Amino acid sequence: MEAYCGMTGGIVGRNSGTGSGASVTRCTSEGTLTVLAGKNCIAGIVGRGEGPDLIKGCHSSMTIVATASGANGVGGPSGNGPGVARTYKRGCGFSTSTSTGLWWANLITLKAHWYYTWGITGAQDPYAPRNTEFVPMFWGHSNVTQNNIDIVNQLHRDGKVFYVLGFNEPDLKEEANMTVEQALEDWKKLCDGLDPGIKLVSPATSWPGRQWMKDFMKGVQEQGLRCDYVAAHLYVGPAPTTYVNQVKELADTYGKKVWVTEFAPRDDNVVSGRPETNSYSEEWIRDNFIEPMLTEYESMPEVFRYAWFSGSPTMAGLWTSMLVKKEGELTSLGEYYASIHPNEDILPADDVTMA
């Protein structure tokens, strides 16, 4: 069925709810609903979403399509509460303790559709922005606890979480530092403990072709564990074609779409502690890398989502990739990044104002 502006479209079971100005509450539903907003109108979201004063407390397994047409038409999920997963690819990764800007403000200025924080703290934080999707990460072995699993499951029940990211560079001693055997044991705990409606994204190794990743994915298959997407960290030089080819190879190897959760042109020959020796200037990255790279990722069916790695002055090889300056202003790279399918609906949390 379809619901047009000025009309509430509710489905109870497989029956249509109607009525101009009517409301639907506490319905359980299945099926497909297309919500259309015309000129100067707003289409409320049903099922797991909430439209303003239209639909309240509904839960469903519906496929929801929200579109806008005409001047000032608004469609799509809103709010930091119950909603549906975002469909745009471009996201951001910021630690809640970032030293460049404020994590929540950065998401707003970059107009991110989704984000992660390298942990399970995000949507439940009092500063979490509204109208953007949080993706928790189980960073390493110590994070795989029943308490954390319960927290993520509750976020899913609240309509705030739809995907989970796996371990962060477990092949490196200075990162998650996990053996394949330990990772598979913890992965089984996630598969068994997390709500089956949450899609699982694989661990991301420091290089996509690492033997660690091959062994892990082989173990997942042999043990019949869930893994819905493959994650990748890509620091593979200055040529966009290399980043494209790496994603295609991953997708072909594992038969899954790819989340590129970190990527940027890193200068591995930079002098430690001297970021000024980085050979890739911000201007060079802006003109020769980020534009062609994002154009490719936006068009590639193999790429499900991507998030640029915003460096900092303490990362000599990556500091020129910063999207946000220390004071929170966008760099020229950040301005361009924010312009790609910008999330114009993202807002600060209630009672939080931008400086």
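Guide: Two residues are in contact when heavy atoms lie within 4.5 Å. Keep that cut-off in mind as we look around this model, which is a predicted one.

Visitor: Thanks! Which residues does Phe263 touch, not counting residues up to four places away in sequence?

Guide: Leaving those sequence neighbours out, Phe263 touches Leu234, Tyr235, Tyr243, Phe289, Met293, Leu294, Tyr297, Tyr306, Ala307, Trp308 and Phe309. Phe263 is also one of the residues with the most contacts inside the largest nonpolar core, together with Trp187, Tyr297 and Trp308. That core has 93 residues. In soluble globular proteins, nonpolar side chains tend to be buried together.

Visitor: What makes Asp186 count as buried or exposed?

Guide: The cut-off for buried is under 20% relative accessible area. Asp186 has 1% relative accessibility, so it counts as buried. Asp186 lies in helix H3, and beyond its neighbours within four places in sequence it is in contact with His141, Val144, Phe167 and Met178.

Visitor: How do you know where the buried residues of H2 fall, seen down its axis?

Guide: Let's begin with the helix itself. H2 covers residues 146-157, and its 12 residues reach 16 Å from the first C-alpha to the last, close to the 16 Å expected at 1.5 Å a residue. The buried residues are Asn148, Ile149, Val152, Asn153, Leu155 and His156. Viewed down the axis, the buried residues of H2 fall within an arc of 160 degrees, so they line one face of the helix. Gln146 and Asn147, on the other side of H2, are exposed.

Visitor: What do the buried residues of H2 pack against?

Guide: Their packing partners are strand S12 (133-134), strand S13 (163-165) and helix H3 (180-193). Just after H2 comes Gly159, with a positive phi of about 75 degrees.

Visitor: And H5, what puts its buried residues where they are around the axis?

Guide: H5 runs over residues 240-254, and its 15 residues reach 22 Å from first C-alpha to last, close to the 21 Å expected at 1.5 Å a residue. Pro240, Tyr243, Val244, Gln246, Val247, Leu250, Ala251 and Tyr254 are its buried residues. Around the axis they cover an arc of only 160 degrees, which puts them on the same side of H5. Thr241, Glu249, Asp252 and Thr253 are exposed on the other side. The cover over the buried residues of H5 includes helix H4 (211-223), strand S15 (230-234), S16, H6 and S17. After H5 comes Gly255, whose phi is positive, near 65 degrees.

Visitor: Now to the sheet. Why are S12 and S15 said to stand where they do?

Guide: Six strands form an open sheet in the order S12-S11-S10-S17-S16-S15, with parallel pairing. S12 and S15 each have a single partner strand, so one side of each is left without a neighbour in the sheet, and they stand at the edges.

Visitor: How do you know that S10 and S17 pair?

Guide: Pairing needs at least two bridges between the strands. S10 (residues 90-93) and S17 have three bridges, in the parallel sense, and Gly91 has Ala307 in S17 as its bridge partner. S16 (residues 258-263) and S17 also pair in the parallel sense over three bridges, with Val303 in S17 as the bridge partner of Val258. From S16 the chain crosses through helix H6 (residues 282-299) to S17, a right-handed β-α-β crossover.

Visitor: Why is S17 called largely enclosed?

Guide: Five of the six residues of S17 (residues 303-308) are buried, so the rest of the structure largely encloses this strand.

Visitor: One last point: what makes the phi of Lys111 worth a look?

Guide: Most residues other than glycine have a negative phi. Lys111 has a positive phi of about 55 degrees although it is not a glycine. Lys111 sits in the loop between helix H1 (103-109) and S11, and with 27% relative accessibility it counts as partly exposed. His341 is not a glycine either, yet has a positive phi of about 45 degrees. His341 is found in the segment after helix H7 (332-338), and at 40% relative accessibility it counts as partly exposed.

Key:
Residues numbered from 1 in each chain as written. Predicted model: local features only at pLDDT ≥ 70, side-chain atom pairs only at ≥ 80, totals over all residues. Heavy atoms only, no water. Helix = DSSP H or I, 4+ residues; strand = E, 2+ residues; numbered from the N terminus. Expected span 1.5 Å × (residues − 1). Buried < 20%, exposed > 50% of the residue type's maximum accessible area, 1.4 Å probe, protein only. Arc of directions from axis to C-beta. Right-handed = clockwise from strand over helix to strand, strands pointing away. Core = buried A, V, L, I, M, F, W, Y, C linked by side-chain atoms within 4.5 Å.
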